[in-house]
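Reader: I would like to learn how to read features off a model. Can we go through one together?

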Amino acid sequence: MSIWSYANPAKFMATTRRLTPALGALAALCLVVGLVWGFFFTPDDYRQGATVKIIYLHVPSALMAINGWLMMLVASLVWLVRRHHVSALAARAAAPVGITMTLIALVTGAVWGQPMWGTWWAWDPRLTSFLILFLFYLGYIALWEAIEDPDTAADLTSVLCLVGSVFALLSRYAVNFWNQGLHQGASLSLDAEENVADVFYFPLLVSMAGFVLLFVALVLMRTRTEIRARRLHALRLRERMA
């Protein structure tokens, strides 16, 4: 079966009817296990003390803030190339979830950074690009709301998504591009020497899995809502024309 068959709204709704609650339940399980394990059953860091445990919220939320935008990019490209309405609605549905993840990452980053750096904020390359990504999320959501015609809104927001993807990538790789800055290197890396210690590593993986599953479940749920709203809008237009 072709993946493009899920661009059919009826097929998408039928497939996700049972999948969404299952993903939500699995996300809740991973989040409870990962956060309880991380916050209550791991030791304090020898340099950062108990502050290091913010990692179980900060790193997964930052991961999903960036990858959420990249998911919107893929969906937007599908819309621009193949004009599948489900992809445009999925991108729209992901934006509020992504901006929430970005806000969590910014707030937890400030809470983590204050005792480490002595300041709540610094114009570090990664922090600055992350703040700009947050503003792009705001602009994307506002643009959808400002344009009445849904196809025109999908076209313009897709272009905005292409531009904002530059800052999503900068948020991920800024530490590699610029050596200066307060922000630490990656907590998880293919280079084992850069990873956090195993005692923090494994609960962090569980928390990250929880955030990924939560993001997917929320996007599916919101996409289903967007499809219903699109159908309702079409019915109202028909009533007006009748």
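Reader: Where is the kink in H1 centred?

Author: This is a predicted model. Its helix H1 has a kink of about 40°, centred on Thr 16.

Reader: How many residues does H1 have, and what span is expected?

Author: Helix H1 runs over residues 9-40, which is 32 residues. At 1.5 Å a residue, 46 Å is expected. From first C-alpha to last, H1 reaches 44 Å, close to that value.

Reader: What happens at the start of H1?

Author: Look at Asn 8. One of its side-chain oxygens comes to within 2.8 Å of the backbone nitrogen of Ala 10.

Reader: Which residues of H1 are buried?

Author: Start from a general idea. An α-helix has 3.6 residues a turn, so residues three or four places apart point the same way. Now the case here. The buried residues of H1 include Phe 12, Met 13, Thr 16, Thr 20, Leu 23, Ala 27, Leu 31, Gly 34 and Gly 38. Thr 16 is thus both buried and the centre of the kink.

Reader: Which helices do the buried residues of H1 pack against?

Author: Their partners are helix H2 (55-82), helix H3 (85-117) and helix H6 (198-241).

Reader: What span should H4 have?

Author: Apply the rule of 1.5 Å a residue. Helix H4, residues 125-146, has 22 residues, so it should span 32 Å. Its end C-alpha atoms are 31 Å apart, which agrees.

Reader: Which residues are buried in H4?

Author: Among them are Leu 127, Phe 130, Leu 133, Phe 134, Phe 136, Tyr 137, Tyr 140 and Trp 144. Polar side chains appear too, including Arg 126 and Ser 129.

Reader: How many aromatic pairs does the structure hold?

Author: Five. Take Trp 69 and Tyr 140: their ring centres are 6.0 Å apart and their planes are at 70°, so the pair is edge-to-face. The cut-off for that label is over 60 degrees. Trp 69 lies in helix H2 and Tyr 140 in helix H4, so the pair ties together parts 71 residues apart in sequence.

Reader: Are these two residues, Trp 69 and Tyr 140, buried or exposed?

Author: Check the relative accessibility against the cut-off: under 20% is buried. Trp 69 has 0%, so it counts as buried. Tyr 140 has 1%, so Tyr 140 counts as buried.

Reader: Which residues form the aromatic cluster with Trp 69?

Author: Phe 136, Tyr 137 and Tyr 140 join Trp 69 in one cluster.

Reader: How many salt bridges are there?

Author: The count comes to six. One of them pairs Lys 53 with Asp 44, with the closest N and O atoms 3.8 Å apart. Lys 53 is buried, at 10% relative accessible area. Asp 44 is partly exposed, at 46%.

Reader: Which residue forms a salt bridge with Glu 226?

Author: Arg 92 does, and the closest N and O atoms are 3.8 Å apart. Glu 226 lies in helix H6 and Arg 92 in helix H3, so this pair ties together parts 134 residues apart in sequence. Glu 226 counts as buried at 14%, while Arg 92 counts as partly exposed at 21%. Glu 226 also forms a salt bridge with Arg 222, again with 3.8 Å between the closest N and O atoms. Glu 226 and Arg 222 both lie in H6, four residues apart, about one turn of the helix. Arg 222 is partly exposed, at 28%.

Reader: Which residues are linked in a network of salt bridges?

Author: Arg 92, Glu 145, Arg 222 and Glu 226.

How values were computed: Residues numbered from 1 in each chain as written. Predicted model: local features only at pLDDT ≥ 70, side-chain atom pairs only at ≥ 80, totals over all residues. Heavy atoms only, no water. Helix = DSSP H or I, 4+ residues; strand = E, 2+ residues; numbered from the N terminus. Expected span 1.5 Å × (residues − 1). Bend = angle between axes of the 7 residues up to and from the residue. Buried < 20%, exposed > 50% of the residue type's maximum accessible area, 1.4 Å probe, protein only. Contact = heavy atoms within 4.5 Å. Polar contact = N/O pair within 3.5 Å; in protein donor to acceptor, adjacent residues only side chain to side chain. Phe/Tyr/Trp six-rings, centres within 6.5 Å; stacked < 30°, edge-to-face > 60°. Salt bridge = Lys/Arg side-chain N within 4 Å of Asp/Glu carboxyl O.
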